[in-house]
Every structure is written in C-alpha cells, then in structure tokens.
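The following questions and answers concern metal coordination and helix packing in one protein chain. Please consider the sequence and structure shown here before reading on.

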Amino acid sequence: MLTIGCHLSSSKGYLAMGKDAVKINANTFQFFTRNPRGGNAKELNPADIEAFLAYAKDHKINRILAHAPYTLNACSADAHLRDFARETMADDLRRLEYTPGNCYNFHPGSHVKQGVEAGIAYISEMLNQILKPEQTTTVLLETMAGKGSEIGRNFEELREILDRVTLSGHMGVCLDTCHVWDGGYDIVNHLDEVLAEFDRVIGLKYLKAVHLNDSLNPLGAHKDRHARIGEGHIGKDALIRVINHPALKHLPFYLETPNELDGYAEEIALLRGHYQDEEE
Ligand code: FE
Ligand code: FE
Ligand code: ZN
C-alpha cells in the first residue's frame, strides 16, 4: 500500500485535515505547525486531537509529518533569531507529543556569511538542547536545493549535523526530490547511484520521508521552485520510479506541488495507479 498525501492547511485543526486527506484518497498528510512566517501557534484543542486520532485510526491515516515554519533559521548570525528558532521548535516538539510517533521536518538553516562549519555547529547545538530522551517524535533534516547559503545542499552536510547530535536515534532525513535534483543529484538517470550515495554518506536507515515534487529548473540549478508531477524537469516517469524503488517504496510520500485539493487528488490517483504493491 502506497503511503501518500500532500501538504494541507492546518488552519481548521487536525480533524479537518484528516477529512481533507480522506477526500483526496490520501492516507497521510503534511502541515505547518504554525503560520509559516513564525509567531504564536494556536492553542491545542484536546477535543479536536482526540477526534482526529479516532478518525485517523478508522481511516488508516498514519505517519503524518509536521513541518516547522520555513522562516526559522537555527544558524542565523543573530543570537535572537537563533533563540527564536530553538524556542519555537522546542514548543512544536512539546505539542507534537499529543499526536505521538510522527515526524517533524525542518530546514536546517542558512549560514549567510558565517560559513558551513559555523552553521552546522549552531544547528547541532540547538538539536542537542531541544531533543528529549523520552520524546516519540522523530526530527527530520530536509535535503535542500542549495539556494543562497542553505545548509543541507549535499548529503555530507546533513551527515555532519547528525554526527554531532547526541540523541541521533530521534533524528532522520526527509528527501525532497525537487531539492536534491536542484542540488545536482541526478535522480532521473541515476536514481540507484544517488540512493547508494545517500546510504554510504548518511545511511538509508535515517531516511524517513520523501517530499515528492517535480522541479521547474534543470539539474543543479539550486533554485527550489516546485512543479506539478510531470510538469517539470524531473518528469512523471522518474517520479514513478522513485515511489517504486525498493529502498523507498515503504516510506511515506508528501506532495508539495502547486495545487489545490482537486489537483492533489489527481496526482494521488495517478501515483496510486502506477504503484506496484508488494506480493503478500
Ligand atoms: Fe520544506
Ligand atoms: Fe520539501
Ligand atoms: Zn522546496
């Protein structure tokens, strides 16, 4: 069974997201933990969470993925912005324990002019402050396109962060197909080799989720502009090979393509139609 969903608006709460997912034949989804520009999160509503957990169980929705606000920068040169990122993520992790056992994805950050090494040191330091031995949420570093001074533009940078995190058992990686393509990893012509490299550098056991996006730009462009499935330079056939690859097919896939719900429903139907279920 293919585990697939898309990015949904969290403005109406968890149960509303669960119902949207079912409407488009998704069995998982991604959402922002709060306004993507940061700021306060809405109070958690225990009744909504309880209703969602029951609904998700009935409708076989699982492995939901929370996404941190993309404006947070854990390796900013400004100490106040680093503190803000740490406090926001610590608060997100505390709240996510109400929906236990899922994943929390974040963009490692941009080092601006401080250099990759300084950036990696800040990010791992923050993780060592916010991760708790007892947490059930796995925190994922997202592979980035390498726009500007983004950290995570290659597998080595993510590996360096993971190496410095004490509770690395609570860590993982989310592979974004648009981002790795823009970062120069040719998943169209050399998917096996790219995944072998991921395994060699990071270890496939850390790979917990895939953002499934086409890219508006050619290989190595470092741009990060998502396209609908089949409307970019990666193409439909390559993305179908991604969901069926033996190293990936058990993972949850999240569409972050420019779509409304009906467009997501079409992409999910297309991908389900091309997924090869394992023989029981
Ligand atoms: Fe992201
Ligand atoms: Fe992404
Ligand atoms: Zn992106």
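Donors are N, O and S atoms within 2.8 Å of the metal; water is not among the atoms, so sites may look incomplete. The model discussed here is predicted.

Q: How are the donor residues of the iron ion (ligand 1) spaced in sequence?
A: The iron ion (ligand 1) is coordinated by His67 through NE2, His107 through NE2 and Glu142 through OE, at 2.1 to 2.3 Å. His107 is in the loop between β4 (103-106) and α4, while Glu142 is in strand β5, 35 residues apart, so that the pair links distant parts of the chain. The spacing of the donor residues is H-x39-H-x34-E.

Q: Which residue bridges the iron ion (ligand 1) and the iron ion (ligand 2)?
A: The iron ion (ligand 2) has as donors Glu142 (OE), Asp176 (OD), His211 (ND1) and Glu256 (OE), at 2.1 to 2.2 Å. Glu142 also appears among the residues that coordinate the iron ion (ligand 1). The two iron ions lie 3.3 Å apart, and the bridging residue is Glu142.

Q: Is the site of the iron ion (ligand 2) regular or irregular?
A: Four donors count as tetrahedral if all angles lie between 85 and 135 degrees, and as square planar if opposite donors are over 155 degrees apart and all others between 65 and 115. The angles among the four donor atoms of the iron ion (ligand 2) run from 85 to 171 degrees. The site of the iron ion (ligand 2) is irregular.

Q: How far apart are the zinc ion (ligand 3) and the iron ion (ligand 1)?
A: The zinc ion (ligand 3) has His179 (NE2), Asp224 (OD) and His226 (NE2) as protein donors, lying 2.0 to 2.2 Å from it. In sequence these donor residues are spaced H-x44-D-x1-H. His179 belongs to helix α6 (residues 177-182) and Asp224 to the loop between β8 (214-215) and β9 (226-227), 45 residues apart. The zinc ion (ligand 3) and the iron ion (ligand 1) are 5.4 Å apart.

Q: Are α3 and α4 parallel, perpendicular or oblique to each other?
A: The axes of helix α3 (residues 79-96) and helix α4 (residues 116-130) come within 10 Å and cross at roughly 40 degrees. Angles under 35 degrees count as roughly parallel and 65 to 115 as roughly perpendicular. The helices α3 and α4 are therefore oblique.

Q: What is the handedness of the crossing of α3 and α4, and which residues make the contact?
A: The crossing of α3 and α4 is right-handed. The contact is made by Arg82, Ala85, Arg86, Met89, Ala90 and Leu93 of α3, together with Tyr122, Met126, Gln129 and Ile130 of α4.

Note on methods. Residues are numbered from 1 along each chain as its sequence is written. Chains are lettered from A and ligands numbered from 1 in the order in which they are written. This is a predicted model: local features need pLDDT of at least 70, side-chain atom pairs count only at pLDDT 80 or more; totals for chains, interfaces and linings use all residues. Side-chain values use heavy atoms; hydrogens and water are left out. Axes are lines fitted to C-alpha atoms, for helices over the stretch in contact, and angles run from 0 to 180 degrees between N-to-C directions. Helices (H or I, at least four residues) and strands (E, at least two) are DSSP runs, numbered from the N terminus. Angles under 35 degrees count as roughly parallel, over 145 as roughly antiparallel, 65 to 115 as roughly perpendicular and the rest as oblique. A crossing is left-handed if the near helix is turned anticlockwise from the far one by less than a right angle, and right-handed if clockwise. Contact means heavy atoms within 4.5 Å. Donors are N, O and S atoms within 2.8 Å of the metal (3.2 Å for Na, K and Ca); water is not among the atoms, so sites may look incomplete. Four donors count as tetrahedral if all angles lie between 85 and 135 degrees; four count as square planar and six as octahedral if opposite donors are over 155 degrees apart and all others between 65 and 115; anything else is irregular.
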